[in-house]
Amino acid sequence: MTGQIIGRLIESIAQLCLLLAIAPLVTGVIRALKARMQTRRGPGILQPYRDLYKLFRKGMVIPETASWIFVATPWIVFFSTVLAGLMIPMVAAEAPLGLFGGVLAVIYLLGLGRFFLALSGLDTGSSFGGLGSSREMTISALAEPAMMLAIFTVAIGAGSTSLTQIAGAAIGQNWRFLAPAQMFAFAALALVLIAETGRIPVDNPDTHLELTMIHEAMILEYSGPYLALVEWAASIKQLVLMTLLINCFWPIGLQPTWFGFGALQGIAWLLAKLLFLSCAIVLIETVNAKTRLFRVPELLAVAFTLGSLALISTFLF
Amino acid sequence: MLLIALLLIPVAASVASFFVRRREAMEVANVAGFGIVFLASVALAAQVLARGAVSLCNGFFYADALSALVILLTASVALVCSTYSIGYLRDDQQSGALGDDLTSVEQLALLRMYYSLTPLLVFSMLFMAMANNLGVMWAAMEATTLASIFLVTFYGKVTSIEAAWKYAIIGGVGLSMALFGTIVTYYAGHSLPGSDALSGLNWSVLAQHAAQLDKTSMRLAFVLILLGYGTKAGLAPMHTWKPDAYSEAPVPSAAILSSALLNCALYCLIRFYILTSRCLGPEYPGRLLLLFGLLSMGISVPFILVQQNYRRLLAYHTIDHAGIMTTALGLGGVLGSLGLMLHMAFHTIAKSLLFLCAGNVSQHFRTDLFSRIKGSVIGAMPLTGVVFLMAMLAIIGMPPFSLFQSEFLIVRAAFDGGHVLTGVLFVLFGTGVFAGALLHVGGMILGPKSDAPPAGPRPWRDGSLLALAVALVVIGFWIPAPLFELIRGAARVVSGQ
Amino acid sequence: MTPFLDMQIGDRIITLMAALVLVLQIAMVSQRWIVVHIRIFAAQSFFLAMIAATIAWFNHAPHIYIAAALTLVVKVILVPILFERLVERMEIHEEIEPIVNVPLSVLISGALTLVGYVVAESFYKPGEPGLGHNALAVAISLFLIGFFTMINRRKALTQVLALLSLENGLFLAAISLTYGMPLIVELGILFDVLVAAMVLGILVYRIRETFESMDVSRLRRLRG
């Protein structure tokens, strides 16, 4: 009994470290690859680490009009995202905190973070913040149902909403990926991934122009360590969603448990799959242009329809 | 042998018209071709009467009395329209109606297109009537649509293009539904032995084993077929392309479209009706046909009453008659089938005659509107005026003309079969059309005289008119026995005896 | 070679391709650029030809190969080339404004897919072996969505493409219901499709010339 608890604890710490360490790396890799594709030299892969280090050492400026929400949000966002990250299977099919929540918990935790971020954008009273918050809410209002439908499809296929079960069910079924329900769900989730992580064609993560900001607009007022926390949380959220996408559909290399030599193998597979997905994201970002804001609902309507088709296909196909 | 000749000659005429240089040669090719086709169709009718259904190429071609009748009617209309179009197109060329900015070379190209497409149109119609395979029948029907699209755009006006577009799109959608219905019919027969071969879609084979077809599929198939081929026939509510197409196409083409092509669309409906009624019993298809038939008749009444354009009036009239014939098919039985076949034959003659008269009027007065026809048609063109009025009286069912007999048969079939509401509505709508048509056309023909100069001699056009008019009058009183036998034979095919 | 002859695998492959065809049809509904429309149609026809070829393989029915090859030639190569040349000549790359806005049309297409499934259910009795059962549902959905797109769009060329995708659905229905129609019928239908594409292409060109636009809602002079 104690052994189990200690085991869980070690697993949680290990996954925590993995999350915190890899998240900025993923962001860095994506930026570097995008630069290369655009024939620029671009920042190095480790640049996000340097940015975080710099931000943590800087002083902070807090607007006078801000309330407790402004101060609390970075912490809430960071911790809710990390908690969600502990509930998904990254290296092993068994998520460390998997007992405490399945897929719904993950979605709601991420939603909690987004909620507070939107509030903080409104909190400072600046127009940019309000603009970003309203845009973010519009997108999430459409993206969340799509995500839920896609994930429910996968859950129905596995017979449970526990991510451990889902990943476990996916291991060892090679042809299952080709079932239409899975394909539709994958397509829907991929579109939602792009929307939630604020990538082109939904949002440009590198811009600070008023017309094109969504996520950046909400966090415009943050500085110093708070900004570091928020940015870190954003990259962790990106990592969480990417891992969810990968491990629900291509659970190759997912180990049954954390322990043993298999853990290193699992980490290696995870990094390889993340690299592959990063390349895909970079390709999508480079080939497409940012969609005008009022065309984004069209894209998300397609994601929603794909998600509903996925759900329906599990019953009909 | 006859069947192959019937197919090859129009193609030859079309190819000939495409390659010759002079307009007269094209005209000769067309008239000669259609003349031979007419003779061949008479010979085919004689053969069918003597020896029953003709079958060729292992059942690929199949002509029974119904096919022979439709082929005969198509050939006659084509012949008369081709003689008419000689005079009509010459007048158009002289008066510049083909387009003021066209050079003579371009005008010749336009005429070449007309003289090549019309035989192709007739070829597709003949092919369709003798094709046994339902899929091939569909392909031929689609070919008729494609061949006639450029006939509708003949004058190149803004309104012509609009009419052709509507025709193409609505016809295309309708035929897609008909194709779906054909596929479902094929599926309904897939449990029959030998359905994998080409003969699996053969009408003669399916009709023989109709009772074993899958019932649910046939229900769906018939609805799709009715919607699909009904669009081509111009049944309401899929009729919106008809007034536009008939008023924009050159008059001989409009005549062919409204009589021969209507017959072909009804032919397809009849074939499927026979299959469905043998599979599911006559009530299910009958009820659907009655619905669409009466709806078409009903919709045409208000549009006829307030019509201002006499070519559109004739188009709505065609919708009305498509409705009448569909109602007759829906009533079924011996009387209904006989009424249907008689009506088909009489309507072909009368409707084409009407369109040709309308062509005369529109070319002389250069307008399509009632209100602009100054002076009476009788004063300017006595022959046309008389024939127009007579044909109008015939087609709205005035005794002693032949259409009265066929419509009377249909009403009798309705009341005999217990379809009282149908009979009442039929008479009601018929009266409405009667009043409207007579009012407008009579007013146009018998208006006060004016100083419009009388039309000069028009040998080709007036000759064709006269031939048809004589046929119409004669048939009212005496149908030649072979023709009547053919009609009876066709009715027997429909009613299944 | 044994896995390649297994019916289950065949069914899976066909189901996969049918799903792709459906996704492409929905993508066509959400599309705005005419050239992309044409290319999606070409891709859709390609997958249809592949489905036909797969069914031919697993059912040892050589005549379906011919139908698949013809579909490939006509609908994947000839018709898209024809239309792309037409688009170049007319110089339209304009966006298309549908009557019902795009997100709603996508949702309606999803609903029509459901209707297609329900209709397809009534065709199959349990216990009847059928390769391509799912393909029939996709075929009916294609038919319904194509029909809806025709009503929804205003540009003439897009209406023609919707009509052609409707015919694609019918081809798929024929393949999945009865393993294709007799070869002569398939030949006739494909020939008609080709000629129809040419004729409609010419008509669209003339509309553009006469009306200075492909917007068919301007075709409203003939009334009553």
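Angles between helix axes under 35 degrees count as roughly parallel, over 145 as roughly antiparallel, 65 to 115 as roughly perpendicular and the rest as oblique. The model is predicted, so local features need pLDDT of at least 70 and side-chain atom pairs count only at pLDDT 80 or more, while totals for chains, interfaces and linings use all residues. Residues are numbered from 1 along each chain as its sequence is written, and chains are lettered from A and ligands numbered from 1 in the order in which they are written.

Helix 6 of chain B (residues 158-188) and helix 7 of chain C have axes that come within 10 Å and cross at roughly 5° (axes are lines fitted to C-alpha atoms, for helices over the stretch in contact, with angles from 0 to 180 degrees between N-to-C directions). The two helices, helix 6 of chain B and helix 7 of chain C, are therefore roughly parallel to each other. Their contact comprises 15 nonpolar, four polar and one charged residues (nonpolar: Ala, Val, Leu, Ile, Met, Phe, Trp, Tyr, Cys and Pro; charged: Asp, Glu, Lys and Arg; polar: the others, Gly among them).

Across the interface with chain B, 33 residues of chain C are in contact with 33 residues of chain B (C-beta atoms, placed from the backbone, within 7 Å). The largest share of this side of chain C, 13 residues, comes from helix 8 of chain C (helices, H or I, at least four residues, and strands, E, at least two, are DSSP runs numbered from the N terminus).

Towards chain A, 18 residues of chain C are in contact with 16 residues of chain A. Helix 5 of chain C gives the largest share of that side of chain C, nine residues.

How values were computed
Two residues are in contact if their C-beta atoms, placed from the backbone, lie within 7 Å.
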